[in-house]
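Here's a quick tour of a single protein chain, written for someone who likes to check the numbers. Have the model open while you read.

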Amino acid sequence: MPRGKYTNHKGRNRKFTSPEELEEQRKQEELKKKWRKEHGDESSSEEESEGNKSGSDDSDDSDSDEDHPTKAKGVSGLIEVENPNRVVKKNKKLTTLNTTIGEGGEKPQLSRREREEIERQRAAAAYQKAHAEGKTDQARADLARLAIIRQQREEAAKRREAEKKAKDDTPKKR
């Protein structure tokens, strides 16, 4: 006998189950199932395994699955989990999806950053409009500066005209 944790199976004799033993096991299982059906102790897991083995029952089961929610696997059916981050996938029908969009019932929820960006754009557009109408402090200051510049340009233009006239008048005097 080899020492250690792992053993090598090479060179050992192989044992095969004889067909007679397999037949005997199958008969024992059938007897147990008959006895359980007579006494009403058929477990749901065995019924499900029998239903999956037969091909004709699959089409009937698919129709009934739509009406009933799927059975939870493992312990999740026994323990009620309240995880706020867990998203339960809900299947929606196309007809109901189109009617909710068509009615304009629910707008898609925006994230905080998206809402702030939209608000920033609206505020900028409102400021531009008020600025164009001259209602903001900066617009008033700009308009006042513009008026001063226009006045200075008008005075400079008058001076130039006066100098031109003076030049024209001086040659006539000679």
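The expected span of a helix is 1.5 Å times one less than its number of residues. Helix α1 covers residues 19–39, and its 21 residues should therefore span 30 Å. The end C-alpha atoms of α1 are 31 Å apart, which agrees. Right after α1 comes G40, with a positive phi near 75 degrees.

Keep in mind that this is a predicted model.

**Overall layout**

The protein chain has six helices and zero strands, so from the N terminus on you just read α-α-α-α-α-α. Buried residues make up 3% of its 174 residues. The chain exposes about 17,900 Å², and 51% of that comes from carbon and sulfur atoms.

**Salt bridges**

Side chains of opposite charge can pair when their charged atoms come close. The structure holds seven salt bridges, including these:

| Pair | N to O distance | Helix and spacing |
|---|---|---|
| E23 and R26 | 2.2 Å | α1, three residues apart |
| R112 and E116 | 3.2 Å | α5, four residues apart |
| E117 and R120 | 2.7 Å | α5, three residues apart |

Why do E23 and R26 sit about one helical turn apart? Because they are three residues apart in helix α1. In helix α5, R112 and E116 are also separated by about one helical turn, being four residues apart, and E117 and R120 by about one turn as well, being three residues apart. Salt bridges that share partners also join E23, R26 and E30 into one network.

How covered are these side chains? E23 is partly exposed at 33% relative accessibility, and R26 is partly exposed at 39%. Over in α5, R112 comes in at 49% and E116 at 35%, both partly exposed. E117 has 35% and R120 has 49%, so these two count as partly exposed too.

**Two loops worth a look**

Is T136 buried or exposed? At 12% relative accessibility, T136 counts as buried, because the cut-off for buried is under 20%. T136 lies in the loop between α5 (112–133) and α6 (137–173). A polar atom of the T136 side chain lies 3.2 Å from the backbone nitrogen of A139. Leaving aside neighbours within four places in sequence, T136 is in contact with Y127, A130 and H131.

The other loop runs between α3 (57–67) and α4 (94–103) and holds V75. V75 is partly exposed, with a relative accessible area of 48%. Together with L78 and I79, V75 makes a nonpolar surface patch of about 330 Å².

Notes. Residues numbered from 1 in each chain as written. Predicted model: local features only at pLDDT ≥ 70, side-chain atom pairs only at ≥ 80, totals over all residues. Heavy atoms only, no water. Patch = residues over 30% accessible without salt bridge, like charges linked within 9 Å, V, L, I, M, F, W, Y side chains within 5 Å. Areas by Shrake-Rupley, 256 points an atom, 1.4 Å probe, with all protein chains shown as cover. Salt bridge = Lys/Arg side-chain N within 4 Å of Asp/Glu carboxyl O. Helix = DSSP H or I, 4+ residues; strand = E, 2+ residues; numbered from the N terminus. Buried < 20%, exposed > 50% of the residue type's maximum accessible area, 1.4 Å probe, protein only. Polar contact = N/O pair within 3.5 Å; in protein donor to acceptor, adjacent residues only side chain to side chain. Contact = heavy atoms within 4.5 Å.
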